[in-house]
Amino acid sequence: MSVMSLLNVGANGMAAGTFGANVASHGASNVATEGYTRRVATQVPLGPAPAGGNGAQATGMKRSIDPFVEKRLLGVRTSAGEAAARADALVTLDDIFADSAIGTQLDELEAAVADVAARPGEIAARTVALSAADSLARSLADAGSRVAEARSDANGRIRGEVGTINQRITQIAKLGQEIARSEVDGREASDLRDRRDQLVRDVATQIPVTAVQQSDGQISLIFNGRTELVSRDGKAHLLTASPDPATGDTRITAIEAGATVDITRYAQGGTVGGLVAARDGAITTAATRLDRLAFDIAAAYNAAHGAGTDLDGGTGTPLFDVSATAAGAAQSLKLSASIAGQPRKIAAAQDASSLPGDNRNALALRALATTRFASAGTRTANEAFADAGAEIGTAVMTATSDRAHTDDAKVQVESLRASISGVSLDEELMNLTRYQRAYQASLEVVRVADEMFGSLLALRR
Amino acid sequence: MRVSDGMLHDMAQRGIERAREKTASASAAASTGLRVQRPSDDPVAHALARRESARESTARSSERTAEHGLSLTAGAEGALAGVTDALSRARELGVQLANGTFTAEDRAAAAHEIRELRKEVTSFANTEVEGVHVFAGYRDAAPPFDEVTGAYSGDGAVRRLEVAPHLRFPVGVSGATTFGAGTGTDVLATLDAMATALETNDVAGVRTSLGGLDASATQILDARAELGSQMRAFEGARSAAQIAQDRGAATRAQLVDVDPYRAFSELANAERALEASVAVAARLPFAGLLGAR
């Protein structure tokens with residue numbers, strides 16, 4: 001036992017106090033840092049103590065984290081990411097079926113044809129009918145190309161997401177190696193862990209993943225319970241996004257046991273899953289319905305028109321030009337070049353000998369508005385359009401309400417995590433005060449030791 | 001529960017976001033008066049409203065067609081009323097001049113009037129309503145009766161108009177049967193015959209043509225009766241179409257329109273919620289221990 005050991009007690013206490021104050025300040029300054037995990041300085045009493053004790057020693061810090069909450073957070077982020085991406089991808093479809101264009105133009109075509117039936121010899125009525133048919137064709141073509149745009153947009157975004165995933169898993173792998181090296185050297189790696197955990201959470205927003213902690217501080221990141229994105233040995237395995245040669249749709253592939261595997265259909269969550277679901281679901285439905293409708297309209301009107309006779313006694317030409325099959329029909333639909341700008345060519349008559357007042361074929365054309373020729377003969381064109389709108393509207397409504405619900409669930413788990421791992425300034429300030437006091441006390445110990453030394457030296461004089 | 005600073009801020013931020021969202025949708029509903037603006041607002045109501053709009057539009061064009069039918073039949077009826085008057089004047093003259101007390105000069109003068117009446121009847125038979133020669137059938141671009149010979153160049157057909165889905169009414173009467181071109185009593189020829197008989201002072205001929213005049217008048221009256229019933233049918237169709245439109249508009253309003261009182265009270269609620277959440281957020285940087293120092 002010596003006065004020297006008292007100095008040691010003071011010095012140790014000052015070091016521990018400084019460390020504690022450092023941890024508290026670090027926490028306070030990271031109050032707004034995303035993914036920062038609260039830390040608590042740990043210290044132990046220094047013994048054994050023939051001298052009555054050697055003071056306090058800082059042993060490091062403990063991250064305040066609950067692995068089960070972290071795991072749940074990955075899950076809710078995946079669901080929320082999926083619903084949000086799906087809702088965003090579908091929202092443009094809603095506009096296409098909103099009651100402004102195609103439905104109204106179907107009505108206007110019917111009205112114009114009805115006027116031709118009432119006044120078959122009048123050029124003005126015929127001109128209006130041609131322009132109504134032209135507007136309808138343009139609107140359907142426009143709707144078709146907007147749906148196609150929504151599809152290529154989704155494909156482009158899937159490619160972009162895969163690019164970001166690759167960047168992130170590369171960084172996760174790199175950080176894992178750094179963490180392992182640091183911890184082997186006995187260095188503190190909490191900040192690296194925070195950064196890695198945040199990257200894992202970001203990837204979970206994009207695709208369903210689980211993170212498995214390895215004993216050496218690394219993690220392996222597994223997609224959908226089957227594909228290793230970051231393997232046990234700390235290597236990143238990148239995904240590939242490439243267009244399907246047949247459809248042009250973006251497919252996602254991974255290398256599994258040396259073989260390339262299409263994993264698109266396993267991405268049933270995250271923004272990637274939401275985009276795939278939107279593309280293969282409502283966007284495909286919208287395209288199919290519009291194509292079918294355009295094809296049916298063209299077929300029905302062309303057949304009816306071809307059965308008639310125009311104002312100059314000629315046989316009715318096709319009214320619409322359309323693709324040979326239903327695929328892509330909406331985008332290809334347009335007023336036939338053989339009739340555009342030639343109102344006399346509307347075949348309102350049945351018989352070349354009863355011109356110009358013969359309206360029998362115009363009546364047949366008008367009847368198409370209330371004839372069930374669409375959707376395999378079960379609906380009128382207007383009904384088919386309305387029902388397609390209901391179908392798409394339901395998909396959009398479901399996506400929007402999914403987004404709200406999954407977002408609520410995400411917020412709940414995020415606030416659970418925040419209550420465990422988030423920074424409270426009041427707490428950190430209390431800790432700062434606590435360690436400041438401990439430091440002041442240790443300083444006092446050094447002063448006392450100094451005085452004792454002083455007294456001791458004075459004795460020898 | 002432990003509350004971190006981040007939680008407080010996130011909560012305030014979400015509160016404002018949600019309140020803003022609600023305010024936006026409430027003010028959209030209040031300002032447009034529409035509860036359903038896009039299919040996703042209410043897919044079923046939206047689809048039903050679209051079908052209702054289509055029905056309304058069909059009814060609107062049916063109403064227009066019925067009105068067109070009405071004006072064609074009214075025009076034809078008006079023309080035939082003129083023909084009836086002309087025929088009864090001709091009959092009056094014929095009955096008078098069949099009497100032996102009149103001289104050849106008197107009859108020649110009357111013949112002149114009959115020729116005028118014949119011209120009048122021809123122009124009635126060539127009546128044009130809204131660009132359509134109503135007694136020409138399908139070949140309605142030109143006057144169907146030749147003013148000199150009285151030859152008929154129409155086809156005697158009767159056009160039909162659609163006044164409700166798949167319901168087609170005939171509009172007008174055949175010029176051929178009404179004026180006896182080819183069938184029945186030829187009205188114009190009867191007048192010609194009477195004029196000729198008067199000119200040639202052929203009293204017996206005048207008497208004979210009186211019978212033809214009677215048959216002609218009956219023929220015209222039959223056609224007028226047919227036109228009268230057509231007009232009633234078009235009137236009925238027109239009011240049915242009007243009712244269908246009103247009903248369609250009412251149904252559609254029920255499906256997609258917003259109750260204005262509800263819309264405005266929802267808007268007021270949303271605005272209050274927004275104000276409250278902004279007020280909470282404004283107090284957020286509350287000092288805590290940091291402020292006590």
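**Two chains and their contacts**

In this predicted model, 47 residues of chain B are in contact with 51 residues of chain A. Several elements of chain B take part: H1, helix H2 (43-97), strand E3 (159-164) and helix H8 (288-292) each supply at least two residues of the side that touches chain A. H2(B) gives the most to that side, with 15 residues. Sorted by class, the residues of the side of chain B that touches chain A are 18 nonpolar, 15 polar and 14 charged.

Helix H1 (5-32) of chain B also has a part within its own chain, where it belongs to what covers the buried residues of H7(B). The buried residues in H7(B) include B:Ala263, B:Ala270 and B:Ser277. The length of this helix can be checked by simple arithmetic. Helix H7 (residues 260-282) of chain B has 23 residues, and at 1.5 Å a residue it should span 33 Å; because its end C-alpha atoms are 33 Å apart, the model agrees with the expected value.

Now turn to chain A, which is divided into two domains. Domain 1 is made of two stretches, 3-64 and 426-460, while domain 2 covers 67-421. The centres of domain 1 and domain 2 of chain A, taken over C-alpha atoms, are separated by 63 Å. The two domains are nevertheless in contact, through ten residues from domain 1 of chain A and nine residues from domain 2 of chain A. On the side of domain 1 that touches domain 2, strand E2 (residues 56-63) of chain A gives the most, with three residues. That side of domain 1 of chain A has two nonpolar, four polar and four charged residues.

Definitions and conventions: Residues numbered from 1 in each chain as written. Chains lettered and ligands numbered in written order. Predicted model: local features only at pLDDT ≥ 70, side-chain atom pairs only at ≥ 80, totals over all residues. Domains from an automatic or database assignment. Contact = placed C-beta atoms within 7 Å. Helix = DSSP H or I, 4+ residues; strand = E, 2+ residues; numbered from the N terminus. Nonpolar A, V, L, I, M, F, W, Y, C, P; charged D, E, K, R; others polar. Expected span 1.5 Å × (residues − 1). Buried ≥ 20, exposed ≤ 12 C-beta atoms within 10 Å, placed from the backbone.
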